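Trainee: I should like to go through this structure with you, one topic at a time. May we begin once it is displayed?

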Amino acid sequence: MQLQPETASTIKNITQDSSDENSLVKCISRVFIIAYKESTQELEELLTNQGFTSEVLRQERKPEYQSYSRSYLCLLNHRTAWERAIQETQSTMIIEADFVPVVNFGKLPLPFNPHQSNVGISWLYTCAPQIYYVSPDGYAEGFSASTVAYIVTPESARFLIELAEEIRTQVGETNYSSWDSTIDSFLRRKGLKNYIPWRNYGEHGGLPNPEHHKHNLSKTHRADVLYGKLAFIPLYAVQNSKLNLFGVRFWARVKGIARLGTGRFLRVKVLQGSNFPMRLLWFAILRQLTWNI
């Protein structure tokens, strides 16, 4: 198949290593770690060694929280981080305590143009991802349903606080809400563009979530394809000797490839309606062409 020069240039951009000026550690002002009771020492040490300034935001313990759903408590944690992100001059990274970054995490490229003014959210870890558009310089607009690891700007953080208030008034504190799956559509209605990474910058290392299972959602979700090897062993592999890390990662890769093959990562209607379908197609295919589990 003959590639157009523009498509070939895009492929080169999305597969090459980042420049120092476009790396995460250069473009992120602060990292907030969302936690409850979890140990964050290993994660904090890694971030410090990578050159980040990080802070752990632990959820307060209040009597009224006992009746709140776990999903709403999670939203409250992220809202605290959004309120802090508004005060920053650069973009802010927000990660949950069970996120496991890959090796050389800080040197990886920002998943969007740092000079762009209308950025909403940029996921570093994706769950059920989709792509809508790939720019000439290789940045992919898309969707994810997870808030395990992501980047927000001060402007998008303000809008996300609006979303949190909308969830509070329309759904309520005690009811389950898959609020993280509404972030993309909410921010796009505000005129912002959301981005997914070329490959995942780390893994969701947490244990199965019983609340998800109760509401007919998958109890676990893992990264379909990683940028590199994980920097340390995820919690799910440490606590359960029956779980083999290689096996979990292998099946996550299989699931990711299956989503690609069945048109769930890149939907047929999106491809058919695109003015640059080859960019989308090659982005979707090439990201899976790695031996890294």
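The dialogue below takes up strand pairing, a loop residue, backbone angles and a surface patch.

Mentor: This is a predicted model, in which local features need pLDDT of at least 70 and side-chain atom pairs count only at pLDDT 80 or more, whereas totals for chains, interfaces and linings use all residues. Residues are numbered from 1 along each chain as its sequence is written, and side-chain values use heavy atoms, with hydrogens and water left out.

Trainee: How many residues of strand β1 are buried?

Mentor: Strands and helices are DSSP runs numbered from the N terminus (E, at least two residues, for strands; H or I, at least four, for helices). Buried means under 20% relative accessible area, exposed over 50%, and partly exposed in between (1.4 Å probe, protein chains only). β1 spans residues 28-35 and is mostly covered, the buried count among its eight residues being seven.

Trainee: Which residue of β2 stands opposite I33, and what is the handedness of the crossover from β1 to β2?

Mentor: Two strands pair if DSSP finds at least two bridges between them; β1 and β2 (residues 54-58) pair in the parallel sense over five. Opposite I33 in β2 stands V56. The chain crosses from β1 to β2 through helix α3 (residues 41-49). A crossover is right-handed if, with the strands pointing away from the viewer, the path from the first strand over the helix to the second runs clockwise, and this β-α-β crossover is right-handed.

Trainee: Is T153 buried or exposed?

Mentor: T153 lies in the loop between β8 (149-152) and α5 (154-170). Leaving aside neighbours within four places in sequence, T153 is in contact (heavy atoms within 4.5 Å) with S91, V119 and G120. Because its relative accessible area is 14%, T153 is buried.

Trainee: What is the phi of N104?

Mentor: Most residues other than glycine have a negative phi. N104 is in the loop between β4 (99-101) and β5 (119-123), and at 41% relative accessibility it counts as partly exposed. N104 is not a glycine, yet its phi is positive, near 60 degrees.

Trainee: What accessible area do F246, F250, W251 and V254 have together?

Mentor: Patches are made of residues with over 30% relative accessible area and no salt bridge (a side-chain nitrogen of Lys or Arg within 4 Å of a carboxyl oxygen of Asp or Glu), like charges being joined within 9 Å and nonpolar side chains (Val, Leu, Ile, Met, Phe, Trp, Tyr) within 5 Å. V254, in helix α9 (residues 245-261), is partly exposed at 32% relative accessibility. By the Shrake-Rupley method with a 1.4 Å probe, where for residues only the protein chains shown count as cover, the nonpolar surface patch of these four residues has about 430 Å².
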